[in-house]
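Work through the two exercises below with the model open, and attempt each task before reading its solution.

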Amino acid sequence: MADLRGAEMVRLPSPYPASTPNASLYVGDLHPDVTESELFEKFSPVGQVVTVRVCRDAVSRKSLGYAYINFKDATAAEEAMQQLNFEPLRARPMRIMRVNRDPSKRKSTTGNIFISNLDKHVDTRTLHDSFSTYGKVYSCKLAVDNNGNSKGYAFIHFEREQDADAAIADVNAKNVDGSPGRKVRAAKYLSRTSRLREAENSFTNIFVKNFGNELDEAKFKQMFGKYGEIISCKLVRDEFGKSKGFGFVAYKDPESAKRAIAAWNGMSLPGSSLMLHVCRAQTKQERTAELKRQYEAARQAGANIYIKNIGEGIDDKMLYEIFMNCGPITSAKVMTDEKGSSKGFGFVCFEQPESACRAVNKMNNTLFFGKRLYVAVAQRKDDRHNLLASKYMSTQAQQRLAEINAMPKIGGGYFAQSQIARVNNVVPPYQTGPTLITPQYVPLPVYEIQQAPSVGFASYAQPVQPQYAHPQNRAVVQVGGFNRDSEHPPKVLPQNPACTRPVEQTDNPATEPLDAFCRRVAIALPYVKQGLLGERINHQLRNSMSLTEELARKVTGFLLYGLPVSDLIDMVKDDAAFRRRTEEAIDFLAREAKT
């Protein structure tokens, strides 16, 4: 082997263009319906676009609201950012910034400020132009609702920390949008964890509950006034003036609030068995997040169950009483619409996962108010969506496999119904006579195994052209990965009866003989059996029992849902059992309609 030490290495030119740094752009705040083609049409006039990718959810394939665009050179990317930043696309302004591949810089809060108390008419472009005078703005994001209306606050990210400090010093408590009497607030951006930590250490407002009707305003203020100076004190009452059992106390300094919590939290009032709960007053957002964390913890522990098919007369209290024998319950809720009517499902959260498991095993398929309850462990919406998607894909795969197994064999192979040879994108018409072409499908070329012409080789497959009904049509048939253009009519080859058989016509399950129907159900897949039995039962109800189409449909659904497949088959075989089951179903549906 030649010694290459000391030899000069020569880099061969790459057939692909070298990647230019800073030629990639991030485009955010996009409409959910924006596609790659729309972005390409929007950005291609500025410069040569190499790739466009809209980021989507892995399961639902819905847009996540942002995309990445790669230009051939950095000059075109800079020009696109200057010209198209905050330009509307589907009535939403695009937020364009350079792609930063360093995660530490993306997550850093250095140079990031928070602006609040903005006028509703201030848009992103106005905000960006106003703060660009202090330095180069890396990103400017105005918070908006689902309708595109401003929420009154924004985030501005400067490239340099000193520019952010200068903007805060000059803008805080001043008017920057031209609205008289409105002064904006500017401060350094703090992460949510930092804000919660700061709120827990510097709060002055406390929340007190679980004292019933035993306190009025004077006693309430006297009880908490000895721990520090009180700015305000509020006892919450209903529309009739009755105390709701909770209130708020605002102290002048955080130390007084902490002393009050340490003194009364978990303590009982004199002469009462009620135990007070005293804590830091939370905003609605914080309270919602706390409840969500508690729900997630209960769900992950398996202590939250989902109940479906609830009767209209069941409310929260009755749902609590139904499941209270299974274990200690934290909450029970029947979901209602805006009019207060039950939606037919609800949730029950237990203290222990064992109680939830006991409730599922004991209460599932139990009859209440004429309906059988469906009880299962509660799932998050995303988890349930992923589970249904996986089940759907599995069902589709089983159906394709069943179709392939049911196809007629020809020459040791199968016809694949998904692989259809079309003539000028038109399926060839139906041809009568002894042929293998069906009214809907054209078979791919059939390979016949022949003896190899020379020694040393096994056997080879030679394609045989299929027959078409109208051979004068120009057909392009894909054979072995290549398109074979056939301008002349193919020769009609003699068919071998040993390797061909006609396609069997499937009988209607509603009218075919009973023995043939039972054999067909016995070998069918589980999800196919329900459909076959449903067609047979519905046909018998409308003809033998003389039921209307609507009533026959309801009775069919009731029988399919309430009986196993073995009982349904026995019922179809025995006319007396069929009539008895039908009458029972009609009586039950009549009682259900009255209630």
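Two strands pair if DSSP finds at least two bridges between them, where helices (H or I, at least four residues) and strands (E, at least two) are DSSP runs numbered from the N terminus. This is a predicted model, in which local features need pLDDT of at least 70, side-chain atom pairs count only at pLDDT 80 or more, and totals for chains, interfaces and linings use all residues. Residues are numbered from 1 along each chain as its sequence is written, and side-chain values use heavy atoms, with hydrogens and water left out.

**Exercise 1.** Determine the strand order of the open sheet that contains β16, and find which strands stand at its edges.

*Solution.* Tracing the antiparallel pairing of this open four-stranded sheet gives the order β16-β17-β15-β20. Because β16 (329-336) and β20 (374-377) each have a single partner strand, they stand at the edges, and one side of each is left without a neighbour in the sheet. From one strand to the next, the twist averages 20° (axes are lines fitted to C-alpha atoms, for helices over the stretch in contact, and angles run from 0 to 180 degrees between N-to-C directions).

**Exercise 2.** Follow the pairing of β16 with β17, then place the helices that pack on this sheet.

*Solution.* Strand β17 (residues 342-350) runs antiparallel to β16 and is joined to β16 by six bridges, and V334 has G346 in β17 as its bridge partner. Helix α10 (residues 316-323) lies across β15 (304-308), β16, β17 and β20, at about 135° to β16. Helix α11 (residues 353-363) packs on the sheet as well, touching β15, β17 and β20 (contact means heavy atoms within 4.5 Å), and its direction makes about 150° with that of β20.
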